[in-house]
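Please examine the structure shown below together with its sequence. The paragraphs after it are meant to be read with both in view.

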Amino acid sequence: MSYDFETLNKKRAGNSAKWDVKEDELPMTIADMDFKVAPEIIQALQDKIAMGLFGYEEIPTEYFKAVADWYEIEHHTRPQEDWMIFATGVVPAISSAVRRLTSLGDNVLVQAPVYNIFYNSIVNNGRHVVSNDLDYDAKLREYTINFKDLEEKLSDPLTNMMILCNPHNPVGKIWTRDELTKIAALCKKYNVKLFSDEIHGDITFNKEGYNPVFGLDQEYLDNVVVAVSPSKTFNVAAMHAATIIVPNANLRGQVSRGLNSEELAEPNFAAIPGTITAYTKGHDWLKALKQQLLENRQMILNFVQDNVPDIKWVPGEATYLLWFDVSKLTDDATKLSEFIRQDTGLIVTPGSVYGGDGQHFIRMNIASPKEMISDGLNRLQKAITDYQK
Ligand SMILES: Cc1ncc(COP(=O)(O)O)c(C=O)c1O
């Protein structure tokens, strides 16, 4: 079956948060896609609506089986079904875990530059952010983990949780099994809960894919909480469905009590049929999506290399978000992004929002039809030419 990734959808009509911009503006920002959802998912939701029953629901065993099968087929490691808890989103689950598993005033460790909402989950709950900033090699354009710094910060008695982004948004990095094992071993050594956000795990372009943390050796799994979700993969963020995978029964009880007491474990009417269908019938759609994204990426990299050479891509093999080094142009990505928007209507995300060295970078969402990508690239070229004048 062939899928349509080229039709320009009228996203403004759908209350889209990303498209809440002026008529002539082009957002390449918030991490959702300008593609229609897989037809199989649309059908499942139509069937659900046709039943006309929207009372409280509970998660059937088929849901957890669909998640486990998906990880076995796509990622070659099967999480146990009894390790799983439903949650209404990854961010609500992170916030709930922060509240349940750490205390007021504790440190929660992240690796900046990182998905900005992690900071909200920590700070809004009265905890402190501690960052093990990723090291950036400007020549190689590569990020790596500073493990010495990581160990120092994890060894602080006030640091009780680490939020890992695996693969990493915004830098697009897939952590190796070795790196993940080292992180998990350090968390175990210092009794730090490791929350691994794996929402971007399905969108990878390398041969091996990413490494789910629940697939690490058994000895590292006792203090691990993993969040997965179909929302990025299948562009169903508004479905509000995530699965929290906690191998250790004790810890699972705590996470589960947190989610339940805050009513974050109650599915809406779309979450169960949408997730089951995505995970049982979505393999071919995902394959086609990745092909489209690879083509988009190549088109963008060719264009940037030829026409906007002062912007450099930081190679990454995950997510539909490209991370560009703009340090040749500015050390204030916020100002640059504002200029680009005012000059041409193109909206990109300034790396500054992700902390760390983000002020030297911009993030661009490339999950759009080629016609839109092409429009975005022309605007980018004009903006950078004007900026340099
Ligand atoms: C790393 C990461 N985690 C979580 C989310 C949002 O998850 P949810 O909508 O399930 O709360 C995003 C969305 O961009 C993300 O990039």
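The text below treats the ligand site, two helices, several individual residues and the backbone geometry in turn.

The coordinates come from a predicted model. A ligand is present, and the residues around it are Ala 31, Gly 89, Val 90, Val 91, Pro 92, Tyr 115, Cys 165, Asn 169, Asp 197, Ile 199, His 200 and Lys 232. Sorted by class, this shell has seven nonpolar, three polar and two charged residues. The element that gives the most to the shell is helix H3 (residues 90-101), with three residues.

Three polar approaches to the ligand can be followed atom by atom. A polar backbone atom of Val 90 is 2.8 Å from an oxygen atom of the ligand, and a polar backbone atom of Val 91 is 2.9 Å from a ligand oxygen. On the side of Lys 232, an N or O atom in the side chain is 2.8 Å from an oxygen atom of the ligand. Of the 400 Å² of accessible area that the ligand has on its own, the protein covers 89%.

Helix H3 itself has 12 residues and reaches 16 Å from its first C-alpha to its last, close to the 16 Å expected at 1.5 Å a residue. Its buried residues are Val 90, Ala 93, Ile 94, Ser 95, Ser 96, Ala 97, Val 98 and Leu 101. Val 90 is thus a buried residue of H3 that also belongs to the surroundings of the ligand.

The second helix to consider is H2 (residues 61-75), with 15 residues and a reach of 21 Å between its first and last C-alpha atoms, close to the 21 Å expected at 1.5 Å a residue. Buried in H2 are Tyr 63, Phe 64, Ala 66, Val 67, Ala 68, Asp 69, Trp 70, Tyr 71 and His 75. The cover over these buried residues includes both strands and helices: strand S2 (84-87), strand S9 (224-228), strand S10 (242-245), helix H8 (271-281) and helix H9 (283-307). H2 is followed by His 76, whose phi is positive, near 60°.

Within H2, what is the relative accessibility of Trp 70? The value is 0%, and Trp 70 therefore counts as buried, since the cut-off for that class is under 20%. Setting aside residues up to four places away in sequence, Trp 70 touches His 75, Asp 202, Thr 233, Phe 234, Ala 278, Tyr 279, Gly 282, His 283 and Leu 286. The C-alpha atoms of Trp 70 and Gly 258, which are 188 residues apart along the chain, are separated by 26 Å.

Lys 48 belongs to helix H1 (residues 39-51). Is this lysine buried or exposed? Its relative accessibility is 13%, so Lys 48 counts as buried. Outside the window of four places in sequence, Lys 48 touches Leu 53, Phe 54, Glu 57, Phe 269 and Pro 273.

Glu 266 is placed in the loop between helix H7 (249-261) and H8. Because its relative accessibility is 38%, Glu 266 counts as partly exposed. Its C-alpha atom is separated by 7.0 Å from that of Ala 87, although the two residues are 179 residues apart along the chain. Apart from neighbours within four places in sequence, Glu 266 is in contact with Tyr 56, Phe 86 and Thr 88.

Thr 349 is found in strand S14 (residues 349-350). Its relative accessible area of 11% places Thr 349 among buried residues. Beyond residues up to four places away in sequence, Thr 349 touches Thr 29, Ser 337, Tyr 354, Ile 362 and Arg 363.

Backbone geometry is the last topic. Most residues other than glycine have a negative phi, and most peptide bonds are trans. Glu 263, not a glycine, has a positive phi of about 55°; this residue is in the loop between H7 and H8 and is exposed, with a relative accessible area of 54%. Thr 319 likewise is not a glycine and has a positive phi, of about 75°. Thr 319 is placed in the loop between strand S11 (312-313) and strand S12 (321-325), and at 3% relative accessibility it counts as buried.

Where are the cis peptide bonds with Pro 113 and Pro 167? One runs from Ala 112 to Pro 113, with omega near 0°, and Pro 113 is in the loop between strand S3 (107-110) and helix H4 (117-123). Another joins Asn 166 and Pro 167, with omega about 0°; Pro 167 lies in the loop between strand S7 (159-165) and helix H6 (177-189).

Key: Residues are numbered from 1 along each chain as its sequence is written. This is a predicted model: local features need pLDDT of at least 70, side-chain atom pairs count only at pLDDT 80 or more; totals for chains, interfaces and linings use all residues. Side-chain values use heavy atoms; hydrogens and water are left out. Helices (H or I, at least four residues) and strands (E, at least two) are DSSP runs, numbered from the N terminus. The expected span of a helix is 1.5 Å times one less than its number of residues. Buried means under 20% relative accessible area, exposed over 50%, partly exposed in between (1.4 Å probe, protein chains only). Contact means heavy atoms within 4.5 Å. A residue is near a molecule or strand if one of its heavy atoms lies within 4 Å of it. A polar contact is a pair of N or O atoms within 3.5 Å; within protein, one must be able to donate a hydrogen and the other to accept it, and residues adjacent in sequence count only if both atoms are side-chain atoms. Accessible areas come from the Shrake-Rupley method with a 1.4 Å probe; for residues, only the protein chains shown count as cover. Ala, Val, Leu, Ile, Met, Phe, Trp, Tyr, Cys and Pro count as nonpolar, Asp, Glu, Lys and Arg as charged, and the others, Gly among them, as polar.
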